[in-house]
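Colleague: I would like a close look at a single part of this model, worked through slowly and with its surroundings included.

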Amino acid sequence: MSSSSYDADVLIVGAGPAGVSAAVMAASLKLRTIVVEAGLTGGKLNVVGALDNVPGGWSTGPDLAQALVQDLQRLRDGGWCTLLQGRAVAVGGQSHRAELTLSSGQVLTSRAIVVATGVASSTPVEADWVTAPEDLIAPPLWRATPDSIRERTYVLGADRPLGTWLRAYPKASQTLHVLCPPADEYKIAEVAGDDRLRIVPVSHVTVTRSSFDDGWEVEVKDRDGERKIYAVTTVLNNLGNKPAALDGLAQGEDGYCPPGIQHPRIRTAGDLRSKQYQRIAIAQGSGAEAVLAGYYSSVVRHA
């Protein structure tokens, strides 16, 4: 099957760090790409207030996101990449092609697909260690500013945005009370020395509306089974992420989509692959690797 029989040599789902890196690598190998993105280029980078583990001197997420916009524009100007605004819903691998289905019903074909859809935020009702009303509105921590942190602000979960928030606001003096389940222990070690944190180890948390004011009551069951009730003004969500998997992807027991269990014509990249290696620099490398893996296995060189 000739190259013209496909919509692209490589279809890339997601224009975050992994997806853009995949597009750059594909262009260097003279492969035509279509990048499908439902939102903004750069993805969650657009709201990351501080970076300290990404090479290149980037200090904020929006700065790096703008650089990715420029990368894609350069590829588009060179004729190697098309940016398609749309939402992908399913992937499929066949013997001679890969297929990507959009929410509009359109089906795109290619030699290979790189899926870099990342992760979505978990909600309190999805956490097995939290009991909360279904209508609980817990704003994400990463959107909070120091001015919005009230005296008794409690944070559900100790996921990594906690460290990002502390780095983004190094002069903030507000105290965050962080409800930390056992699964987050390895993450809290990165920020445990910050005196703006009050770490509350928990095995279960129950959130109910306060009967006295417009706040909340948080009943905490600690690791020894003892219970305490706290009067809380604000509850923030820092519960971590869940994989934004498309239909057709093979998922592990935790819901993530490691590359090794996918169809040979489908590669996964970035945060979608694993819960433990969610870093921007790693996502960038995995995007480039996903394209190279297909190229060297001849998947994107021969139909």
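In which loop does T233 lie? Please continue from there into whatever surrounds that residue.

Modeller: Bearing in mind that this is a predicted model, T233 is found in the loop between β14, which spans residues 227–232, and β15. With a relative accessible area of 17%, T233 falls under the 20% limit and is therefore classed as buried. Leaving aside residues up to four places away in sequence, T233 touches R150, E151, R152, T153, G215 and W216. One of these, R152, also offers a polar partner, since its backbone oxygen lies 3.0 Å from a polar atom of the T233 side chain.

Another residue touched by T233 is T153, and T153 belongs to strand β9, residues 153–156. Both faces of β9 are covered, with T153 and V155 buried on one side and Y154 and L156 buried on the other. Within the pairing of strands, T153 stands opposite T234 in β15, and β9 and β15 are joined in the parallel sense over four bridges.

β9 also pairs with β10, again in the parallel sense, over three bridges, and L156 has L179 in β10 as its bridge partner. Between these two strands the chain passes through helix α3, residues 161–168, in a β-α-β crossover that is right-handed. Strand β10, residues 176–180, is in turn joined to β11 by five bridges, the two running parallel, and here L176 stands opposite L197.

Taken together, these pairings give an open sheet of four strands in the order β11-β10-β9-β15, with parallel pairing. Because β11 (197–201) and β15 (234–237) stand at the edges and have a single partner strand each, one side of each is left without a neighbour in the sheet. From one strand to the next, the twist averages 25 degrees.

For the wider setting, the largest nonpolar core of the model has 34 residues, and L31, L72 and V114 are those with the most contacts inside it. At least two residues of this core come from each of β1 (8–13), α1 (17–28), α2 (61–77), β6 (107–115) and α5 (280–296). A second, separate core has 19 residues, among them A127, W129, A132 and V202.

Terms used: Residues numbered from 1 in each chain as written. Predicted model: local features only at pLDDT ≥ 70, side-chain atom pairs only at ≥ 80, totals over all residues. Heavy atoms only, no water. Pairing = 2+ DSSP bridges. Axes fitted to C-alpha atoms, helices over the stretch in contact; angles between N-to-C directions. Buried < 20%, exposed > 50% of the residue type's maximum accessible area, 1.4 Å probe, protein only. Polar contact = N/O pair within 3.5 Å; in protein donor to acceptor, adjacent residues only side chain to side chain. Contact = heavy atoms within 4.5 Å. Right-handed = clockwise from strand over helix to strand, strands pointing away. Core = buried A, V, L, I, M, F, W, Y, C linked by side-chain atoms within 4.5 Å.
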